[in-house]
Amino acid sequence: VARSSFDERALKTTHPLSAYLLRLMAIKKSNLCLSADVSTTNQLLHLAEAIGPSIVVLKTHYDLISNWDYHPSTGTGARLNRLARRHGFLVFEDRKFGDIGSTVQAQYVEGSAKIIEWSHITNVNMVPGKAVVDTMAEAAARWRQRKHYEVKTDISAEAPTHDGRKASIVSITTVSQHFEPVNSPRTHDEFAGDLFPDIEEPPLERGLLILAQMSSKGNFMTRAYTDACVESAREHRDYVMGFVSQETLNAQPDDQFISMTPGCQLPQDTEDEDAEIQGDGKGQQYNTPRKLVGIMGNDIVIVGRGIINAANPRTEAERYRRHAWEAYLERTSSS
Ligand code: UP6
């Protein structure tokens with residue numbers, strides 16, 4: 001698997017959202033996820049607008065945002081989704097759910113945040129046991145069914161079809177080629193549907209990543225724990241897209257899991273990936289895209305402060321995109 005291209009894997013995976021994401025990666029030539037760890041709605045949306053063209057996934061911690069607006073159609077999640085649709089990226093709430101199944105179901109679907117409504121992907125900490133994944137899968141399937149019905153009754157003529165999905169991918173290319181400048185006078189809400197009315201949403205299926213390995217020093221995720229995560233993923237191939245992990249965990253021919261990897265930075269002020277990178281002094285450990293994608297076989301690198309704290313986050317995001325993409329090309333072309 002590590003050597004197959006994202007395009008090839010898009011055809012093999014049975015998970016509709018994974019297929020969509022893999023095709024998006026091939027089209028945007030990006031395997032970069034921005035970890036948008038900022039503290040206000042404005043900062044979040046501005047960053048999404050500026051960096052949208054370079055990424056395929058934008059990761060949130062909604063509980064870091066002091067003024068997160070929960071309104072279903074005008075709130076922070078809804079506005080972020082419009083930018084996601086315009087630039088062609090998926091939203092990933094890094095919630096790391098970690099309670100008993102019944103509590104997690106309610107936190108995922110209901111409560112103040114209603115994460116399932118605005119986040120295509122979320123993740124789970126499997127410490128409570130496999131049942132937590134079972135219950136999330138169940139909740140997502142129920143949500144999808146309801147949503148499918150709503151979409152059908154609302155806009156029956158435009159209900160997404162298999163071919164429609166293909167069309168939406170094509171128009172996303174158009175969007176990323178013609179994205180608006182950062183300081184565009186257009187407000188975040190004006191664009192939706194106006195500029196490119198034929199853009200469709202990604203498939204309605206939601207996806208889960210299992211937190212199978214962590215980047216932080218001295219974490220307690222043992223091999224046995226990681227193996228159990230893989231086992232659980234195999235039991236839910238229609239819901240689990242893959243892992244947050246430090247290496248690819250695909251081991252069987254049927255494994256088409258995507259691995260997304262935090263703890264990624266490039267050395268500053270040099271293109272040399274062998275230069276030294278410091279941790280953050282709080283347990284975080286960093287590796288370069290070449291190591292994470294090229295050697296460890298991960299698919300998407302997750303970068304937060306490496307981009308956000310740069311003098312020009314937009315050009316820095318492009319630099320990360322380029323390095324991560326080159327590592328992927330090298331991996332898939334080597335024999
Ligand atoms: N994250 C990790 N390591 C993990 C899992 N998740 O760093 O094993 C998350 C953090 C943060 C981001 O919660 O949002 O990835 C990393 O940010 P950074 O690039 O600024 O270190």
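Modeller: A residue is called buried if 20 or more other C-beta atoms, placed from the backbone, lie within 10 Å of its own, exposed if 12 or fewer do, and partly exposed in between. This model is predicted, with local features needing pLDDT of at least 70 and side-chain atom pairs pLDDT 80 or more, while totals for chains, interfaces and linings use all residues. Residues are numbered from 1 along each chain as its sequence is written.

Biologist: Thanks! What percentage of the residues in the protein are buried?

Modeller: The protein has 335 residues. Its helices (DSSP runs of H or I, at least four residues) and strands (E, at least two) are numbered from the N terminus, and there are 12 helices and eight strands. The buried share of the residues is 43%.

Biologist: In what order do the strands close into a barrel?

Modeller: Strands count as paired when DSSP finds at least two bridges between them. In the barrel the pairing is parallel, and eight strands take part. Neighbouring strands of this sheet are turned by 25° against each other on average, direction ignored. The order is β1-β2-β3-β4-β5-β6-β7-β8.

Biologist: Let me look at one pair. Which residue of β2 stands opposite C33?

Modeller: Strand β1 covers residues 32-35 and strand β2 covers residues 57-60. Three bridges join these parallel strands. The β2 partner of C33 is V57.

Biologist: Is strand β5 enclosed or open to the outside, and how many of its residues are buried?

Modeller: Start with its two faces: G207, L209 and L211 lie on one side, L208 and I210 on the other, and all are buried. Strand β5 is therefore largely enclosed by the rest of the structure, its buried count being five of five.

Biologist: Which residue in β6 stands opposite L208?

Modeller: β5 has partners on record here in β4 and β6. Five bridges join β4 (residues 121-125) to β5 in parallel, with V124 opposite I210. β5 also pairs with β6 (residues 240-244) in the parallel sense, over four bridges. Opposite L208 stands V240.

Biologist: Now the helices. Are α3 and α4 roughly parallel or roughly antiparallel?

Modeller: Helix α3 (residues 41-51) and helix α4 (residues 76-87) pack with their axes 10 Å apart, at an angle of about 10°. Axes here are lines fitted to C-alpha atoms over the stretch in contact, and angles run from 0 to 180 degrees between N-to-C directions. Angles under 35 degrees count as roughly parallel and over 145 as roughly antiparallel, with 65 to 115 roughly perpendicular and the rest oblique. The two helices are therefore roughly parallel.

Biologist: Which residues of α4 does α3 meet?

Modeller: Residues are in contact if their C-beta atoms, placed from the backbone, lie within 7 Å. From α3, T41, L44, L45, A48 and E49 take part. In α4 they meet T76, R79, L80 and L83.

Biologist: What do the buried residues of α3 pack against?

Modeller: The buried residues of α3 are L44, L45, L47, A48, E49 and I51. They pack against β1, β2, α4 and α12 (313-333).

Biologist: Finally, the ligand. Which residues are the closest to it?

Modeller: Being near the ligand takes a C-beta atom, placed from the backbone, within 6 Å of it. In this model 16 residues surround the ligand. β8 (300-303) and α11 (305-308) each supply at least two residues of that shell. The closest are M214, S215, P262, G304 and R305.

Note on methods
Contact = placed C-beta atoms within 7 Å.
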